[in-house]
Amino acid sequence: MSEVVYRPIGVVHSPFKAPQDVPIQSAAARGVTGYIEVAEEYVDGLRDIEGFSHLILLYHCHLAQECSLLVKPFMDDALHGVFSTRAPSRPNPVGLSVVRLTEKEKNILHIQDVDIIDGTPLLDIKPFVPDFDQREVKRIGWLTENVDKMHSSRDDGRFAKNTRL
């Protein structure tokens with residue numbers, strides 16, 4: 001396979017300056033505010049975005065350490081395959097968050113429910129559309145017994161560069 005290279009379209013700003021204590025999912029970050037600074041060359045791509053209440057953000061987990069195919073996720077003590085987790089250290093460290101759009105000012109998007117580290121390179125923005133994005137889910141694997149831990153779990157640095165527990 002050939003290499004794939006992306007250029008960031010902007011940067012995410014949040015109150016979180018380091019991985020420690022970041023909520024591990026945007027659903028656990030309710031009310032946390034931040035903003036996206038979109039590069040000037042992409043401003044035209046923001047036309048009509050204010051018509052959407054929620055956005056899907058795809059970003060580069062720039063502080064993630066090298067990937068291991070078996071990881072101990074935040075909400076469990078057992079090892080799981082990285083593709084059955086949402087751990088940020090992955091073969092391609094791409095993160096995904098659903099945030100609430102509260103205001104647009106030129107190239108700045110004000111957002112809430114932010115679970116992203118300040119300074120994170122943003123790769124793409126897509127509108128969240130319930131009819132497209134919500135599915136009836138029948139199984140959630142090993143998370144069945146752990147999903148209730150989401151709101152109390154925070155990043156402890158285990159997946160960050162130069163940080164080990």
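A residue is called buried when its relative accessible area is under 20%, exposed when that area is over 50%, and partly exposed in between. By this rule Ser97 is buried, because its relative accessible area is 1%. The model described here is a predicted one, and Ser97 offers a good place to begin exploring it. This serine is found in strand β6, and its side chain takes part in polar contacts with two partners. One contact, of 2.6 Å, joins the side chains of Ser97 and Asp115; another, at 2.9 Å, links the side chain of Ser97 with that of Tyr59.

With that first residue in hand, the overall layout can be introduced. The chain has 165 residues, of which buried residues make up 42%. Its secondary structure consists of eight strands and one helix. Followed along the sequence, these elements appear in the order β-β-β-β-β-β-β-β-α, so a reader tracing the chain from its start passes through the strands before reaching the helix.

Several of the strands pair with one another, and strand β2 is a helpful guide to the first group. Strand β1, residues 10-13, and β2 run antiparallel to each other and are joined by four bridges. Within this pairing, His13 stands opposite Tyr35 of β2. Strand β2 also pairs with β7, which spans residues 108-112; this pairing is again antiparallel, with five bridges. Here Thr33 has Gln112 in β7 as its bridge partner. The two faces of β2, which covers residues 33-38, can be told apart: Gly34, Ile36 and Val38 form the covered face, while Thr33, Tyr35 and Glu37 form the uncovered one. Tyr35 and Thr33, both met above as bridging residues, therefore belong to the uncovered face under the assignment of strands and accessibility used here.

A second group centres on β3, which pairs with two strands in turn. With β6, strand β3 forms an antiparallel pairing over seven bridges, in which the bridge partner of Ile56 is Val98 in β6. With β8, strand β3 pairs over five bridges, also in the antiparallel sense, and Leu57 stands opposite Ile125 of β8. Strand β6 is thus a partner of β3 by the rule that pairing strands share at least two bridges, and β6 is also the strand that holds Ser97.

The loops between strands have details of their own. Asp113 lies in the loop between β7 and β8, and it counts as buried because its relative accessible area is 9%. The side chain of Asp113 makes a polar contact with the side chain of Arg100 at 3.1 Å. It also reaches the backbone nitrogen of Gly31, at 2.9 Å. Ala28, in the loop between β1 and β2, is another buried loop residue, as its relative accessible area is 11%. Although Ala28 and Val114 are 86 residues apart in sequence, their C-alpha atoms are 9.0 Å apart in space.

Two other loop residues draw attention through their backbone angles. Asp48, in the loop between β2 and β3, has a phi near 75 degrees, a positive value in a residue other than glycine. Lys106, in the loop between β6 and β7, likewise has a positive phi without being glycine, with a value near 55 degrees. Asp48 is exposed because its relative accessible area is 52%, and Lys106 is exposed with a relative accessible area of 71%.

The cysteines can be described briefly. The structure holds zero disulfides. Cys61 counts as buried, because its relative accessibility is 14%, whereas Cys67 is partly exposed, with a relative accessible area of 30%.

Finally, the surface of the model can be considered through one of its pockets. The second largest pocket has a volume of about 260 Å³. Its lining is made up of Val4, Tyr6, Pro8, His60, Asn92, Pro93, Val94, Pro121 and Leu123. In terms of residue class, this lining holds seven nonpolar and two polar residues, and no charged ones. The two polar members are His60 and Asn92, because neither belongs to the nonpolar or the charged class.

Definitions and conventions: Residues numbered from 1 in each chain as written. Predicted model: local features only at pLDDT ≥ 70, side-chain atom pairs only at ≥ 80, totals over all residues. Heavy atoms only, no water. 1 Å grid on protein atoms, 1.4 Å probe; cavity = no way out; pocket = protein on both sides within 12 Å on 5 of 7 lines; lining within 4 Å. Points joined across faces, edges and corners; volume = space filled by probe spheres on them. Disulfide = S-S within 2.5 Å. Buried < 20%, exposed > 50% of the residue type's maximum accessible area, 1.4 Å probe, protein only. Polar contact = N/O pair within 3.5 Å; in protein donor to acceptor, adjacent residues only side chain to side chain.
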